[in-house]
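This briefing introduces a structure with attention to how its parts meet. Please look at the sequence and the model before reading on.

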Protein chains: 2
Amino acid sequence: MENPFTDEYFMKKALQEAELAFDKGEIPVGAVIVIDNKVIARTHNLTEMLHDVTAHAEMQAITSAANFIGGKYLKGCTLYVTLEPCQMCAGALYWSQISKVVFGASDEQRGFEKLGTQLHPKTQVIKGVLAQEASDLMVRFFASKRK
Amino acid sequence: MENPFTDEYFMKKALQEAELAFDKGEIPVGAVIVIDNKVIARTHNLTEMLHDVTAHAEMQAITSAANFIGGKYLKGCTLYVTLEPCQMCAGALYWSQISKVVFGASDEQRGFEKLGTQLHPKTQVIKGVLAQEASDLMVRFFASKRK
C-alpha cells in the first residue's frame, strides 16, 4: 500500500491553516509540525490580531511543538509551512535543530534563502510543495485588500 | 543639567535583567525597551525554563512592548540588550521597524552582524555599551556551568 503521509498530505493541512488566517484578515500563512506522521502543532499567522510581529505561523508552531514535546529541540520533527520562512523564523528554526523544513511558495523578497539566513546544518529543506495553491491564496488575499 | 537618560543608564537596567536570568540558570541575557525615556518592557532569556528556543530576551521584549503600545510597530522605541541579537531576534527587529538597537557584548559566532541578517533601513545600531559587564557575566555563567 502506498504511504498516505506524503509531504503533500501535510502541506494540505498547513494550507487549511492558511485559509483560517485569510478568514481573519491575516496574511494567509499556515504551518503544521509533524513527528512520526502525527501533527503536534497547527498554527497560522496572527500578527494583526495580536499586534505582534513575532506571531508568524512558524514561530507559534515551534513554541507549540516544543510545549508538546516538553523540550526545546525539535529533532525528528518536520515543519510544513505554506510560505518560505523569513529571517526571524529561519533563525528560530536554526535554534530548534528541526530535522526537516518543507515550504510551499517562495518569498523572493523576504525569504530566508535570498537573505542568507543560516539553518542548522542537520536541517533538510524541501521547497515548492503545493506552491501554486499557497501562492494563489496570497494573490487572492492581496487582491481582496486592494478593493 | 546633564541628561541622566544615557545609553549606559538603560543598559544597566538590561544588565539587571541579565542577572535575573543568571540566577535562574539561563544564559544571562537581558533586555529593556524604552520610549521617551520610559521603560515599557523588561525581559530576560527564558529558553530553558520555557523549553522554547524563541524565548530570547529580545523576542519577549518586542512582544511586551507591542502589547504596551497596542500596535505592532516599535517606531520611536529603543531596544537595549546585553548581547548582540541573533538571526531570529534581528529578523523580529526588522519586522518591528524599531528606531534604535543598542547592544553590549558582540557575539562573534551567532550574532546578526557576522551572519548578515538584515535590520530595517531606518534602525540605528549602537554597540559596545557596557560590553565588558555583559561579557563578564557570560564568562562567569559558563564557568559556573563547567564546575
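In this predicted model, the buried residues of H3(A) are Gln87(A), Met88(A), Cys89(A), Ala90(A), Gly91(A), Ala92(A), Leu93(A), Tyr94(A), Trp95(A) and Ser96(A). H3(A) is largely enclosed by the rest of the structure, because 10 of its 10 residues are buried. The points below begin with this helix and continue with the interface and the symmetry.

**Surroundings of helix H3(A)**

- Within chain A, the buried residues of H3(A) pack against H2, strand S3 (77-83), strand S4 (100-105) and helix H4 (112-115).
- From chain B, helix H3 (57-69) and helix H4 (87-96) also pack against the buried residues of H3(A).
- Gln97(A), which comes just after H3(A), takes a positive phi of about 55 degrees.

**Extent of the interface**

- Contact between the chains involves 27 residues of chain A and 27 residues of chain B.
- The area buried between chain A and chain B is about 2400 Å², and carbon and sulfur atoms give 60% of that area.
- On the side of chain A, the residues that lose the most area to chain B are Val53(A), Lys72(A) and Trp95(A); together they account for 28% of what that side buries.
- Of these residues, Trp95(A) is also one of the buried residues of H3(A).

**Polar and charged links**

- There are 2 salt bridges between chain A and chain B.
- In a salt bridge, the side chain of Lys72(A) meets that of Glu48(B), at 2.7 Å from N to O.
- Across the interface, 10 residue pairs are in polar contact, with both residues at pLDDT 80 or more.

**Make-up of the side of chain A that touches chain B**

- Helix H2 (57-69) and helix H3 (87-96) of chain A each supply at least two residues of this side.
- H3(A) provides the largest share, 7 residues.
- By type, the residues of this side comprise 10 nonpolar, 13 polar and 4 charged.

**Symmetry of the two copies**

- A turn of 180 degrees, with a shift of 0.0 Å along the axis, lays chain A on chain B with an RMSD of 0.0 Å.
- The two copies are therefore related as by a two-fold rotation axis.
- In chain A, Met88(A) has the C-alpha nearest the axis, 2.0 Å from it.
- Met88(A) is also among the buried residues of H3(A).
- The copies meet through the same surface, because 100% of the interface residues of chain A are also interface residues in chain B.

Key. Residues numbered from 1 in each chain as written. Chains lettered and ligands numbered in written order. Predicted model: local features only at pLDDT ≥ 70, side-chain atom pairs only at ≥ 80, totals over all residues. Heavy atoms only, no water. Contact = heavy atoms within 4.5 Å. Buried area = accessible area lost by both parts, 1.4 Å probe. Salt bridge = Lys/Arg side-chain N within 4 Å of Asp/Glu carboxyl O. Polar contact = N/O pair within 3.5 Å; in protein donor to acceptor, adjacent residues only side chain to side chain. Helix = DSSP H or I, 4+ residues; strand = E, 2+ residues; numbered from the N terminus. Nonpolar A, V, L, I, M, F, W, Y, C, P; charged D, E, K, R; others polar. Buried < 20%, exposed > 50% of the residue type's maximum accessible area, 1.4 Å probe, protein only. Least-squares fit on C-alpha atoms with pLDDT ≥ 70 in both.
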